[in-house]
Amino acid sequence: MKKVESVICPFCCHRFHPNEADFRLPAAKGKKKAKDGLELDELLYDYQIEILQATEKEATSKAMQPPAIEVEGNPSVKFDEREIEKYGFAQHVTYTPPEGKKTTCEKRLCPNCHNDLPTGYGIRETLLISILGDARVGKSVFLTVLISELENNIDFPSKLTFIGDAHVRDTFYENYQKPLLKNHELISSTKRKKIPPYAFNFWYRYKNEDGAMEENTIDIIFYDIAGEDLRDDAGIRQNGFNIKDSLGLIFLVDPTNFNKMSDLFRVSDASLIEAIPEENSNQQIFNTLYNYFLGMEREKSSIPMALLLSKADLLSFVNLDFFSNKPENRIQHIFGDEQHAGAVNMRSVKGLNQEVRELLSYLGEERILNNALGCFKAVNCFAISSLGKKPTVEQISDPDTNETIEKGYVDGPLEPFRVKEAFYWILMRHRHMLKFENKRYSLHSTKTVEKLSFVQRILAFLAGR
């Protein structure tokens, strides 16, 4: 097993070697002893105040924990040499204080913020993936359905296991998975705040260059960021600072936001008017991303960006001449998943990318793509539907406030399509998955990017002469 040289904290994005992690002493057992031995963890307290902007009372409550111990240079700590040999760092340590009995510590902490690290963090490579887009574009719905699709994958054998904090897992189930996947109720828009990371281990089997099956396992950290936090520098630096350290970005664009589509919806299906957001902040978001990524940089970001046209099922409710001239219509008529049998089907990915780009141009929305291409070196367009069908939106009275609110739901089971393709593409870009093209399997090559950078340097040199 290849040993990981460094990891990045999912909470504060501090990078460190896995053997630099601190350990938390076990909590006292029993109700009467629940508060015994607790002390204020200052690093965790600072994270709660500075990053989560919690109140002093909330931060103090969260930061009252059993003591944390630093392991480097601590004579009271003993390691399991077999773990050091196998992984390059310890998964647990034995702590014997000068006065007291020997204790086994297994809860590993980020040395910078003292949040709990996911189970087995540092054994495998980690990909941070941020979900971006304007408010009400469907980011939380997309993430919930993506996780469900990966848990029940039909493309190749795989398994998605939650490895993060148990409270975060339970909250995600109650607030996202249960309402949407079981009750078919739409998820409310994400509020402006720092959303906790969702940590998963993704084990999967894929085809190698000979077409034989191999297996791999990586840790995936998903981030869901409120659309309002992407519109200004303060919001993105406070609640979206993980974007700069992400290894993949998924940017959702809502076609109901497009002026031409809005007019067509009003003519073809009046009920769709309710789905049209009141404002379009795509330009503002890209301006913020540009300032955040490129304000002091000379080159575009090398983070792969997947630009997703969400709610693609709604395109079937309008009559677009664009589709009449497409011999192979990949967006409006193929309501189903493209097959990626053990590798990324590049014919599908490239064809969809080209068609979405042409559709954006046809609808007069070229600036969305131009904005993306102006910030990122690698951009691929996709068309997806997280629900697969048009939701119903009703005006109801909130039982708590008696105010009129919107309540959305889906009639019958969800029928999502193509929600996994962008995820596969990001894995392919990082050589965690092979691509299938021209009847052969191969790893993604970085030569094109290197050659492009060289050409850009030559052009810059000639321009400066």
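This is a short conversation about how to read some features of a predicted model.

Biologist: I'm new to this one. How many helices and strands does the protein have?

Modeller: Keep in mind that the model is predicted. The protein has 12 helices and 22 strands. It has 465 residues, and 50% of them count as buried.

Biologist: What share of the contacts comes from residues 24 or more positions apart?

Modeller: Take the contacts in the protein with a separation of 6 or more: 73% of them join residues 24 or more positions apart.

Biologist: Let's try a pair of helices. At what angle do helix 4 and helix 5 pack?

Modeller: For two helices, look at the angle and at the distance between the axes. Helix 4 covers residues 139-151 and helix 5 covers residues 166-182; they pack at about 80 degrees, and their axes are 10 Å apart. Angles of 65 to 115 degrees count as roughly perpendicular, so helix 4 is roughly perpendicular to helix 5.

Biologist: Which residues make that contact?

Modeller: From helix 4 come Ser 140, Val 141, Thr 144, Val 145, Ile 147, Ser 148 and Glu 151, and from helix 5 come Phe 172, Tyr 176, Gln 177, Leu 180 and Leu 181. By class, the contact of helix 4 with helix 5 has 7 nonpolar, 4 polar and 1 charged residues.

Biologist: And Ser 386: is it buried or exposed?

Modeller: Buried means under 20% relative accessible area. Ser 386 has 8%, so it counts as buried. You'll find Ser 386 in the loop between strand 18 (379-383) and strand 19 (392-397). Setting aside residues up to four places away in sequence, Ser 386 touches Val 141, Phe 142, Val 145, Leu 414, Pro 416 and Val 419. Val 141 and Val 145 may ring a bell, as they are among the helix 4 residues in the contact with helix 5.

Biologist: Strand 18 came up there. Where is Cys 381 found, and what is it in contact with?

Modeller: Cys 381 is in strand 18. Its relative accessible area is 0%, so Cys 381 is buried. Leaving aside neighbours within four places in sequence, Cys 381 is in contact with Leu 307, Leu 352, Asn 353, Val 356, Arg 357 and Leu 369. You can also compare sequence with space: Cys 381 and Gln 354 are 27 residues apart in sequence and 7.5 Å apart in space, C-alpha to C-alpha.

Biologist: Can we do that with another pair? How far apart are Asp 210 and Tyr 441?

Modeller: In sequence they are 231 residues apart, while in space Asp 210 and Tyr 441 are 7.0 Å apart, C-alpha to C-alpha. Asp 210 sits in the loop between strand 13 (198-207) and strand 14 (213-224). With a relative accessible area of 73%, Asp 210 is exposed.

Biologist: Now backbone angles. Which sign does phi of His 114 have, positive or negative?

Modeller: Phi of His 114 is near 65 degrees, a positive value in a residue other than glycine. His 114 is in the loop between strand 10 and strand 11, and at 8% relative accessibility it counts as buried. Asn 115 is found in that loop too, between strand 10 (107-109) and strand 11 (126-133). Asn 115 is buried at 10%. Beyond its neighbours within four places in sequence, Asn 115 is in contact with Phe 11, Leu 44, Tyr 47, Arg 108, Leu 109 and Cys 110.

Biologist: What about phi of Asn 438?

Modeller: Phi of Asn 438 is near 55 degrees, again a positive value in a residue other than glycine. Asn 438 lies in the loop between strand 21 (435-437) and strand 22 (440-442). Asn 438 is exposed, at 70% relative accessible area.

Biologist: How many residues of helix 11 are buried?

Modeller: Helix 11 (residues 421-429) is mostly covered, with 9 of its 9 residues buried. Among them are Glu 421, Phe 423, Trp 425 and Arg 429. Just after helix 11, Arg 431 takes a positive phi of about 65 degrees.

Biologist: Last one: how many cavities are there?

Modeller: A search of the whole structure finds 2 cavities of 30 Å³ or more. The second largest cavity has a volume of about 30 Å³. Its lining is Pro 18, Asn 19, Ala 21, Phe 23, Phe 79, Phe 89 and Ala 90. By class, that lining has 6 nonpolar, 1 polar and no charged residues.

How values were computed
Residues are numbered from 1 along each chain as its sequence is written. This is a predicted model: local features need pLDDT of at least 70, side-chain atom pairs count only at pLDDT 80 or more; totals for chains, interfaces and linings use all residues. Side-chain values use heavy atoms; hydrogens and water are left out. On a 1 Å grid over the protein atoms alone, a cavity is a set of points where a 1.4 Å probe fits but cannot get out, and a pocket is an open set with protein on both sides within 12 Å along at least five of seven lines; lining residues have an atom within 4 Å of a point. Grid points are joined across faces, edges and corners, and a volume is the space filled by probe spheres set on the points. Ala, Val, Leu, Ile, Met, Phe, Trp, Tyr, Cys and Pro count as nonpolar, Asp, Glu, Lys and Arg as charged, and the others, Gly among them, as polar. Axes are lines fitted to C-alpha atoms, for helices over the stretch in contact, and angles run from 0 to 180 degrees between N-to-C directions. Angles under 35 degrees count as roughly parallel, over 145 as roughly antiparallel, 65 to 115 as roughly perpendicular and the rest as oblique. Contact means heavy atoms within 4.5 Å. Buried means under 20% relative accessible area, exposed over 50%, partly exposed in between (1.4 Å probe, protein chains only).
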